[in-house]
Amino acid sequence: MTQTLQVLVLLGSGTVAGVLFAVALSTVPALAAMSPDRYVQVHTLLGRNWDPTMPLIVLGTTLLDLWLAFRVTEPTARSLIVVAAVCLLGVSVVSHFRNVPINRRVHRTDPAAIPVDWTDPRPVWRRWHLLRTALAIVAFAANSLAVTTF
């Protein structure tokens, strides 16, 4: 059972880190280069599949990390797994309280009628995204190190 949990936390945290890194590296710069109306359209399209899927992967992996932490007796491995769980929880908190509210505002914006006083959310969204990306990478690294200490 412990080996299965190890594989699952590596898959989960690796997926989260990889997806967020890819978004930071490719999607964010592409969205930044778009006109506001095009940005709103594309951002809304991109969110259709990410919004319901990523929270399940992040929270599911967090729970698996906690479960694994209770099964592991080696103190260094347990500490690393707890660090990974805390970082993934951080990804969830940043997403839920920072990026998702911005996403909702963008999705409610009519791309054909961008207000004159529209405040571009891309710079703020990017900063929060980079924080959660860093947290996800630390979580993946911690899980990877933990698995090597067994």
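A nonpolar surface patch, as the term is used here, is built from residues with over 30% relative accessible area and no salt bridge, where nonpolar side chains are joined within 5 Å. Keep that in mind as we explore this predicted model.

Q: Which residues make the nonpolar surface patch of about 370 Å²?
A: A residue needs over 30% relative accessible area to join a patch. In this model, the nonpolar patch covers about 370 Å². Its members are Leu-59, Leu-89, Val-93 and Phe-97.

Q: Which helix gives the largest share of the nonpolar patch?
A: Val-93 is one of the patch residues, and Val-93 lies in helix α3. Three residues of the patch come from the helix that spans residues 75-108. The largest share therefore belongs to helix α3.

Q: Is Val-93 buried, partly exposed or exposed?
A: Buried means under 20% relative accessible area, and exposed means over 50%. Val-93 has a relative accessible area of 41%, so the label for Val-93 is partly exposed.

Q: How far apart in space are Val-93 and Arg-132, C-alpha to C-alpha?
A: Along the sequence, Val-93 and Arg-132 are 39 residues apart. In space, their C-alpha to C-alpha distance is 8.9 Å.

Q: Is Asn-143 buried or exposed?
A: Asn-143 is found in helix α4, which covers residues 122-148. The cut-off for buried is under 20% relative accessible area. Asn-143 has 1%, so Asn-143 is buried.

Q: Which residues is Asn-143 in contact with, leaving aside its neighbours within four places in sequence?
A: Contact here means heavy atoms within 4.5 Å. With the neighbours within four places left aside, the contacts of Asn-143 are Val-9, Leu-10, Ser-13, Asp-65, Ile-81 and Ala-84.

Q: What pattern does the protein chain follow along the sequence?
A: The protein chain has four helices and zero strands. Read along the sequence, the pattern is α-α-α-α.

Q: What percentage of the contacts with a separation of 6 or more is between residues 24 or more positions apart?
A: The C-alpha trace spans about 60 × 20 × 20 Å along its principal axes, and buried residues make up 36% of the 150 residues. For contacts with a separation of 6 or more, the share from residues 24 or more positions apart is 82%.

Q: Which helix has the highest mean pLDDT?
A: The protein chain has a mean pLDDT of 96, and 100% of its residues reach 70 or more. Among the elements, helix α2 (residues 36-71) has the lowest mean, 94. The highest mean, 98, belongs to helix α4.

Terms used
Residues are numbered from 1 along each chain as its sequence is written. This is a predicted model: local features need pLDDT of at least 70, side-chain atom pairs count only at pLDDT 80 or more; totals for chains, interfaces and linings use all residues. Side-chain values use heavy atoms; hydrogens and water are left out. Patches are made of residues with over 30% relative accessible area and no salt bridge: like charges are joined within 9 Å, nonpolar side chains (Val, Leu, Ile, Met, Phe, Trp, Tyr) within 5 Å. Accessible areas come from the Shrake-Rupley method with a 1.4 Å probe; for residues, only the protein chains shown count as cover. A salt bridge is a side-chain nitrogen of Lys or Arg within 4 Å of a carboxyl oxygen of Asp or Glu. Helices (H or I, at least four residues) and strands (E, at least two) are DSSP runs, numbered from the N terminus. Buried means under 20% relative accessible area, exposed over 50%, partly exposed in between (1.4 Å probe, protein chains only). pLDDT is the predictor's confidence in each residue, from 0 to 100.
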